[in-house]
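Reader: Take me through some helix packing and the ligand site. I will ask for the reason behind each term.

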Amino acid sequence: MTAAPTRTGGFTTLGALSQHAVTTLDANWEHDHTVPSRTLYPHQWSWDSAFIAIGLAHVRPERAWRELASLFRAQWADGRVPHIVFNPALRVGAYFPGPELWRSTDAQGAPAGHTSGLVQPPVHALAALLAYRRAPEPVGLTALHQLYPALVAQQRYLADRRDVAGDGLVCIVHPWESGLDNSPAWDDPMAAVPAEAAVMRAYRRHDTAHADAAHRPTDLDYARYLAIVAAYREHGYDDRDLADNQPFLVECPLFNAAYGAAEHALAEIAALIGADPGPHRARATQITEALVRRLYDPATGTFQPRDVRAGRLLGARTVLGLTPLILPDLPTRQADALVVEARSARFGVAARMDRPLPSHDRTAADFEPLRYWRGPSWLNIGWLVRRGLLAHGHPDLAEGLRQSMIGLVAGAGCHEYFHPDTGAGLGSAAFSWTAALVLDLLADEE
Ligand code: 2M8
């Protein structure tokens, strides 16, 4: 199917837009969590839940805390927070790849319920802090007390088990761990993963039954996704000897920026609950230093992922490179360079934006305006970049981006992603993090 992207929605008042976002979140609420989308993603996703909690804190604070608590109930003994927590009430085939492919319950230290074995960017400590700021007393403080050890364990897992190169940065073992599944950033390391598209004949993809196949990753992408999952699963999702066993090993700028931002947030949470913020501050400093040392490319003036297997920086200039701006201690030299990159024709950030922020360099030959993370505009990424612009003293650009994002949702509704030229809504039409983050943007007038 090749549906032309259409504009839906068209909210003329901010009140109506906000109500639409709340209705979307309410419709996606499922006993103790919010599904990203009833059709495409009917289980619980890790970083979705963090973004969702940020929005829920404005309108359903009690649910914000339940959202995070339910996710962390699925934390593994080693501290990993799984990227999918499966709802056992759903039929087999409700999502692909489902529990039968992950077989998490065979792995050591996994919880009793089914989960994936991968992780996603650790934006949860930041989400907990922001939710607390929005809904502080008395439930908020209790929730922070309860979440703190789990958030610390999440960071410890990443520090102890995923620093494959020994350079202070976290390695992702699958593009799904980046959250930007088929970003051009991963094309080179993915090309080295042996797989054939034909293996997909043995499976039934769920995504292409609900979304336009031309917008989604290809069958060859999926064959490789499954090959990487199989390699990890066959080693019991054990992180020892990752360098020997995993075909995809990458240090991602967004994942590591989130990892550093988490230590900054944990320092603030520690201070609120009477714990010691010192070690968090020290780790935050180390992470920022490592990020600058290992992933900043002075030649391009942006951050690039590092392919740990090949021992080199990856060349694609995707929006991932802008996200270290969220680190408040990013040195001025790198922050200034990222602002130049953000304002360039590649990304077009401006005080008055004429087009949405794309997920990939719009001047690149492989920019694809319709295909998922290869061009379309996503609210969670814009939301992070906006925070970064505010943190580094660019309120005018931050406001331009905020207006652009609100305009997207006002024009098209709570879509999963948006056409980077026309702003037309794409993907799921009732997507939770879009709803949650537009609520936060509406409330956060600078
Ligand atoms: C997308 O990823 C899943 C796999 O985890 C998929 O394509 O099926 C990504 O957009 C990811 O960032 C997001 O968390 C997930 C659920 O919204 O969907």
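Reader: Why are H5 and H12 called oblique to each other?

Author: Helix H5 (residues 124-134) and helix H12 (residues 253-273) pack at about 45°, axes 8 Å apart. Under 35 degrees counts as roughly parallel, over 145 as roughly antiparallel, 65 to 115 as roughly perpendicular, and the rest as oblique. H5 and H12 are therefore oblique. The model is predicted: local features need pLDDT of at least 70, side-chain atom pairs count only at pLDDT 80 or more, and totals for chains, interfaces and linings use all residues. Residues are numbered from 1 along each chain as its sequence is written, and side-chain values use heavy atoms, with hydrogens and water left out.

Reader: Which residues of H5 meet H12?

Author: Contact means heavy atoms within 4.5 Å. In H5 they are Ala 125, Leu 126, Ala 128, Leu 129, Tyr 132 and Arg 133. Their partners in H12 include Ala 262, Leu 266 and Glu 268.

Reader: What makes H2 roughly antiparallel to H3?

Author: The axes of helix H2 (residues 46-59) and helix H3 (residues 61-73) cross at roughly 160° and come within 6 Å. That angle makes H2 roughly antiparallel to H3.

Reader: What polar contacts does the ligand have with side chains?

Author: A polar contact is a pair of N or O atoms within 3.5 Å. An oxygen atom of the ligand is 2.8 Å from a side-chain N or O atom of Tyr 372. For His 83 the distance is 2.9 Å. A polar side-chain atom of Trp 47 lies 3.0 Å from a ligand oxygen atom.

Conventions. Axes are lines fitted to C-alpha atoms, for helices over the stretch in contact, and angles run from 0 to 180 degrees between N-to-C directions. Helices (H or I, at least four residues) and strands (E, at least two) are DSSP runs, numbered from the N terminus. A polar contact is a pair of N or O atoms within 3.5 Å; within protein, one must be able to donate a hydrogen and the other to accept it, and residues adjacent in sequence count only if both atoms are side-chain atoms.
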